[in-house]
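Grab a pencil and have a go at these short exercises. Try each one yourself before you read the solution.

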Amino acid sequence: MNIRDIKKLKFNGKIQKIKVAENLYVFVLKEKKVYKFITVKDKKKIEATIDDINNITLTEAKQKVLKLKSKIANKDFKETREIIRAELAKKTSKKDKEIIQTKAKQNEQYLLKNIIQEFLQTRNRQSQNRINNYIIPFLGDKDVREITEQDIIQFFKKVRNTNVNVAKTTFQKNKMATIKRLKNELSVFYTHLHFSYGINNNPLTYLTLKNIERALGEKYEVTHFKATTNLTDIQELYKTIKNLKTDLDVKTNKHKTISIYTKCALMFLMLTALRNGTLRRLEWRMVDWGKKIINIPAEITKTKKDFRLPLTDKMLKILEDLKKYDNTGLIFKGRDGKVMSENTLNAKIKKLSGNKTTAHGIRSAFATILKEQGENPLYVEEQLMHTTENKVGQAYTRTDYLEQRRDLLERWGELIDPKKQENRIKSVTEFFKETETVF
């Protein structure tokens, strides 16, 4: 007999008892149908109700019977009766079951792997990779309201011993840099939980980097970006970038080229010394062609302050060339028009410079070379978006040295991409043609 047959049974004026399986029966009562367990011990019958058929599946009822049979094997009547009473005393009503199921669904909402999905969409590609590679696999099945400081420590220990590189060709021995970034990701995530869901549990509140170092027995070591401050190296790098073939320059073997957006982004980064993250998020709506500036909003700058970037002729030429293809959304587009990966520019500059510098290293070259050339350090630091004055000085200063920085960037552009010298040495033939020969 299956569950369909059981549900079709109707009360016909008297209680019906139908055998479903060994020791398992269905009793058809006036207002309901129930599963019952029936056995005999010491020639005495024991009959016990398991549950209403609407509260428990047929499979579950059969499993309970098997469990009861294993527990009462070789027991006498008295012991059997008490075991059955104890086992079946924990019955759950249909209403209670519904409450439990509703609560389980609500709790499932707060599992980290579920509640983090909305937050995940607001993060850049690198953050998303860290969340998908580490946070979700190790903390995903935990309720964010119940994650403790100790859970986070254990999480970091797992991260330290995990290699997410599928090819397993490299393994970062000191994972403290990754752990520091993951700590920041979790801190931002719990801030999001507080404001979006009113969740006040934050296991990272008192967890400092020093606490983590102590718990893991490792220290976070600051790694400085590679940077060359040799002007010739920078000139060679810019020349190499200018000569790169793009996907629009050739019809075949496009796998040997780079995107026009990547090439232009590399040139623009070298001409402006902007931070990688800021440059990749520049949009066409920020360009003021009349004033020849890009109004960069605070939300895409590291300093969280608005910034005006003066445009030189070289920069304007790059923008005008790109404008022909698309002048909406991002200026330097990545895949599918999305924000370019942080590693795109970094990896290219490392490779093209012979591993002498990185995207961030260009900023060091910009500062060092220009100061060595005798340029005003105040204008240099302002262009790098560095704070050069104390709070009092900042309060009184009402300029960002826009035009001074424009001149500075013009000179920087000429330094790294000098105009070709006119060839003043004539050929021998031209020389004699233009020279009057005296005999």
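Three exercises on this predicted model follow, each with a worked solution.

**Exercise 1.** Work out which strands stand at the edges of the open three-stranded sheet.

*Solution.* Start with the strand order, which is β5-β6-β7, with antiparallel pairing. Next, look for strands with a single partner: β5 (287–288) and β7 (307–310) fit, so each has one side left without a neighbour in the sheet. Now check the link between β6 (residues 293–296) and β7: four bridges join these antiparallel strands. In that pairing, asparagine 295 sits opposite arginine 308 of β7. Finally, helix α18 (residues 402–416) packs on the sheet and touches β6 and β7, its direction making about 40 degrees with that of β7.

**Exercise 2.** Describe how helices α7 and α9 pack.

*Solution.* Two numbers come first, because packed helices are described by the angle between their axes and the distance between the axes. For α7 (residues 149–160) and α9 (residues 209–216), the angle is about 65 degrees and the axes are 10 Å apart. Then add the handedness: α7 passes α9 in a right-handed crossing. Last, list who touches whom: Ile153, Phe156, Lys157 and Arg160 of α7 meet Ile212, Ala215 and Leu216 of α9. Sorted by class, that contact has five nonpolar, no polar and two charged residues.

**Exercise 3.** Decide whether aspartate 42 is buried or exposed, and do likewise for alanine 273.

*Solution.* Aspartate 42 lies in the loop between β3 (33–41) and β4 (44–52), and its phi is near 55 degrees. The cut-off for exposed is over 50%. Aspartate 42 has 52% relative accessibility, so it's exposed. Alanine 273 sits in the loop between α11 (260–272) and α12 (276–280), with phi near 60 degrees. Buried means under 20%. At 1% relative accessibility, alanine 273 is therefore buried.

Conventions: Residues are numbered from 1 along each chain as its sequence is written. This is a predicted model: local features need pLDDT of at least 70, side-chain atom pairs count only at pLDDT 80 or more; totals for chains, interfaces and linings use all residues. Side-chain values use heavy atoms; hydrogens and water are left out. Two strands pair if DSSP finds at least two bridges between them. Helices (H or I, at least four residues) and strands (E, at least two) are DSSP runs, numbered from the N terminus. Contact means heavy atoms within 4.5 Å. Axes are lines fitted to C-alpha atoms, for helices over the stretch in contact, and angles run from 0 to 180 degrees between N-to-C directions. A crossing is left-handed if the near helix is turned anticlockwise from the far one by less than a right angle, and right-handed if clockwise. Ala, Val, Leu, Ile, Met, Phe, Trp, Tyr, Cys and Pro count as nonpolar, Asp, Glu, Lys and Arg as charged, and the others, Gly among them, as polar. Buried means under 20% relative accessible area, exposed over 50%, partly exposed in between (1.4 Å probe, protein chains only).
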